[in-house]
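Here is a friendly walk through one protein model, from a strand in its interior out to its loops. Have the sequence and the structure open beside you as you read.

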Amino acid sequence: MGKADESRREIETLRERISALSAAVLRINASLDVDTVLREIAEAARSLTGARYAVITAVDGDGQPEDYVISGLSPEETRQLEEWPDRLRVFEALRDLPSPLRLTDLPAYVAGLGFSTEALFMKTFQGVPMRHRGVQVGNFFLGGKETGPEFTDEDEEVLALFAAQAAAAIANARTHRAERQTRADLEALIEISPVGVVVFDARSGRPVSFNREARRIVEGLLTPGGPTEELLDTMTFRRADGREVSLSEFPMAELLSIGETLRGEEVEFSVPDRRSVRTLINATPIHSADGEVASMVVTMQDLAPLEELERLRTEFLSLVSHELRVPLTAIKGSTDTLLEEGADLDPAEMREFHRIIHEQTAHMRGLIGDLLDAGRIEAGNLSVSPEPSEVAALVDRARNTFLSGGGRHAVVIDLPPDLPRVTADRRRILQVLNNLLANAARHSPEATPIRVTGVRDGVHVAVSVSDEGRGIAPEQLPRLFLKHASLAGGEREVSDTGLGLVICRGLVEAHGGRIWAESDGAGRGSRFTFTLPVVEDARQSEPAAQASGTPPEPHEPARVLVVDDDPQTLRFVRDALTKAGYAALVTGEHEDLARIIRTEKPSLVLLDVLLPGTDGIALMENITELADLPVVYISGYGRDENIARALEAGAADYIVKPFSAAELTARVGAALRRVARPEPFALGELAIHYEARRVTVAGREVELTATEYELLRVLSLNAGRVVTYAALTRRVWSGRATGTDDLVRNFVKKLRAKLGEDAENPTWIFNVRGVGYRMPHPKEV
């Protein structure tokens with residue numbers, strides 16, 4: 001009877017274990033979210049074995065921890081584990097075990113491996129690897145048996161069974177995440193594409209999706225407040241061969257069923273009130289398995305900008321022809337008079353005709369020089385020869401040139417005496433200053449002064465030329481530095497050809513600087529500001545060439561990684577960097593970017609914005625190894641919104657193709673200097689001295705742990721932008737705490753307490769609910 005009862009109890013126990021295992025398997029397969037799956041695995045593993053603690057890790061293809069979840073530990077215990085200096089080395093030792101590991105004294109085992117044990121809160125331990133199709137995807141680490149003195153054979157057996165199911169659940173969740181990310185990346189690329197994209201369902205004839213550019217192209221045909229789909233009932237389109245098709249007579253579904261493919265055909269869309277838009281259309285049918293047309297992908301390009309560009313080009317050529325004809329007419333008239341009537345002219349009259357010839361020849365030379373410079377800038381081969389220069393000397397020479405050339409405005413110079421030297425091609429920067437002074441004089445009354453000021457701005461010096469003239473309308477400011485901008489209705493131009501500001505921008509950017517205009521509106525004057533890089537302190541015995549983008553000779557050259565799918569760009573950038581003294585590493589395979597960074601350890605990354613299957617901004621958000629490197633984007637897209645999006649993502653700079661070798665090396669040098677010698681951060685009473693890793697509040701030094709300091713450093717370096725929970729875990733914890741928003745909140749709470757900040761009325765660290773945290777930029781205060 002006793003044996004029968006014992007057998008029944010064993011059967012009942014086994015049945016309970018199988019039931020619990022089945023329930024656990026169902027729970028972990030109920031979700032495809034990686035974090036949720038890992039949490040369910042951790043809770044199920046503890047429940048199945050009676051463990052107090054559980055750490056579930058998921059590793060990538062290289063065996064590095066990619067995701068992990070901690071269960072059963074208090075916030076303080078979690079903090080200690082996160083800051084345990086040997087945690088990664090212990091993980092690597094336990095990760096590579098070929099079979100399950102059961103211990104009765106974990107601290108003694110870890111100490112025997114030569115590691116510290118201060119963050120180990122349990123003695124008993126059970127570790128089991130998780131493998132999926134022969135590949136390890138993670139590990140169970142359980143500790144602190146609550147229902148007995150140590151883990152048993154039955155615990156190990158049930159964990160081994162559960163591990164196979166858990167590994168499959170993790171693999172499925174990862175595949176789902178990868179597919180969602182790929183789809184999201186594709187949708188983002190389509191949404192921000194400069195080409196309009198519309199996908200139609202062939203059966204219904206209705207649009208499935210419109211991207212942003214497609215909506216913009218057709219919005220001029222819509223009735224106010226009307227949906228985009230209303231055009232499908234009223235629109236008419238005229239094809240290149242003159243055929244007209246009205247959608248009121250031939251429904252879209254009927255047209256799509258034909259499955260016609262279009263390639264680069266000009267099509268004009270119009271509505272009954274005669275509003276129209278001309279586009280360049282490509283259409284590709286997508287067929288189902290049975291050969292029927294399932295959908296139609298249509299891309300469209302608005303031809304209005306091209307037509308406007310052609311109009312501007314024609315006007316520009318007409319204007320240039322006129323500007324060249326005027327001095328030629330004066331020269332020809334003077335020479336004709338001298339040749340035909342020279343004998344009858346007195347010496348004074350002859351000198352006057354010679355003076356006209358001389359002045360008009362100089363004027364033509366200036367016009368031709370502007371045209372050549374504009375061409376070099378547009379081709380990206382404008383070169384400069386920067387050298388250490390005094391800003392005051394350049395400004396003084398520009399003023400003297402302006403006044404000796406007939407300028408009637410007073411030029412007031414206000415430069416601080418301690419303004420550092422800059423790297424500048426003196427002839428070219430004088431050209432910039434002369435253009436800006438002439439521009440200010442042209443657009444302001446003679447009785448008003450022109451002011452030239454300068455100030456240090458980080459690793460640059462900002463020089464401003466201000467006037468009290470007619471000002472600039474806000475809507476014209478973004479267009480001032482575009483070619484032909486003055487011909488497009490603007491009132492402001494620097495030179496008669498409208499090329500002055502284009503040339504100024506090209507020259508400044510070739511030095512690695514920026515130029516912009518500001519005005520409070522019409523009649524309120526304007527201010528043009530440009531920046532130049534500061535020369536490195538001579539006391540550091542570094543050659544002046546470093547300030548122009550060339551690294552110092554005595555040290556190992558800085559390694560610059562270039563990622564671009566265009567072989568021609570890779571070759572050009574590699575040659576330019578090598579010539580400037582950098583160690584250039586080039587690749588067109590962005591899939592290996594993380595491994596290359598870990599192996600080669602570059603100082604800076606030049607990253608193309610658009611890459612096959614992804615974009616540079618997504619790579620920066622998803623690749624942990626890019627987090628602490630300066631990233632300079634290179635792109636053929638120079639739209640302000642693209643540049644703003646890249647800089648908001650944390651880019652150090654943004655270079656628009658085509659660019660010269662001088663501009664490239666200048667910008668790389670400036671970005672490396674900003675990283676090597678970051679300016680101290682000051683926000684009210686809070687000060688962060690990065691080089692000394694020192695934090696003070698109202699002069700009082702604040703003691704922070706390594707993690708707390710790193711959290712504050714990341715937030716301050718991104719001041720003015722929201723840093724998400726995911727970005728913080730990636731930057732502060734190197735991605736090892738993915739999904740643990742509570743961990744971030746706990747550390748922010750501790751950091752605020754040490755800084756003496758009230759969470760209800762914050763001064764420095766602001767919570768953006770459900771997103772992350774932000775610190776104000778010092779300029780916002």
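Which residue in strand 25 is the bridge partner of Asp608? The partner is Ile634. Before going further, please keep in mind that this is a predicted model, in which local features need pLDDT of at least 70 and side-chain atom pairs count only at pLDDT 80 or more, while totals for chains, interfaces and linings use all residues. Residues are numbered from 1 along each chain as its sequence is written, and side-chain values use heavy atoms, with hydrogens and water left out.

**An enclosed strand**

Helices and strands here are DSSP runs numbered from the N terminus (H or I, at least four residues, for helices; E, at least two, for strands). Strand 25 covers residues 631-635, and because 5 of its 5 residues are buried, it is largely enclosed by the rest of the structure. Buried means under 20% relative accessible area, exposed means over 50%, and partly exposed is in between (1.4 Å probe, protein chains only). Val631, Tyr633 and Ser635 point one way from strand 25, and Val632 and Ile634 point the other way.

Strand 25 has parallel pairings with strand 22 (residues 604-608), over 4 bridges, and with strand 26 (residues 653-656), also over 4 bridges. Two strands count as paired if DSSP finds at least two bridges between them. In strand 26, Val656 stands opposite Ser635.

**The protein as a whole**

The secondary structure comes to 22 helices and 33 strands. Of the 781 residues, 46% count as buried. The accessible surface is about 39100 Å², and 52% of that belongs to carbon and sulfur atoms; such areas come from the Shrake-Rupley method with a 1.4 Å probe, and for residues only the protein chains shown count as cover. A contact means heavy atoms within 4.5 Å. Among the contacts with a separation of 6 or more, 62% are between residues 24 or more positions apart.

**Nonpolar cores**

A nonpolar core is a set of buried Ala, Val, Leu, Ile, Met, Phe, Trp, Tyr and Cys residues joined through side-chain atoms within 4.5 Å. The largest one has 38 residues, and those touching the most other members are Val391, Leu433, Leu436, Leu437, Val465, Phe528 and Phe530. Elements that give two or more residues to this core include helix 12 (391-404), strand 17 (460-467) and strand 19 (526-533). Its largest share, 8 residues, comes from helix 13.

Leu433 is a good residue to click on: leaving out residues up to four places away in sequence, Leu433 touches Leu394, Val395, Ala398, Val463, Val465 and Phe530. Apart from this core lies another, of 32 residues, among them Leu38, Ile41, Met130 and Ala167.

**Cavities**

On a 1 Å grid over the protein atoms alone, a cavity is a set of points where a 1.4 Å probe fits but cannot get out, and its lining residues have an atom within 4 Å of a point. Grid points are joined across faces, edges and corners, and a volume is the space filled by probe spheres set on the points. By this rule there are 4 cavities of 30 Å³ or more. The largest has a volume of about 490 Å³. It is lined by 26 residues, of which Val55, Leu81, Trp84, Arg87 and Phe141 are the closest to its centre. Helix 4 gives the most to this lining, with 5 residues.

**Antiparallel strands**

An open sheet of 4 strands has the order 27-28-29-30, with antiparallel pairing. Strand 27 (681-683) and strand 30 (700-701) stand at the edges with a single partner strand each, so one side of each is left without a neighbour in the sheet. Phe681 has Ile688, in strand 28, as its bridge partner.

Elsewhere, strand 6 and strand 7 form a hairpin with 5 residues between them, and Gly205 in the turn has a positive phi of about 80 degrees. Val198 stands opposite Phe210 in strand 7.

**Two loop residues**

Most residues other than glycine have a negative phi. The table lists two residues with a positive value.

| Residue | Phi | Loop | Relative accessibility |
|---|---|---|---|
| Lys601 | about 50 degrees | between helix 16 (593-600) and strand 22 | 60%, exposed |
| Ala698 | near 55 degrees | between strand 29 (694-697) and strand 30 | 56%, exposed |

Conventions
1 Å grid on protein atoms, 1.4 Å probe; cavity = no way out; pocket = protein on both sides within 12 Å on 5 of 7 lines; lining within 4 Å.
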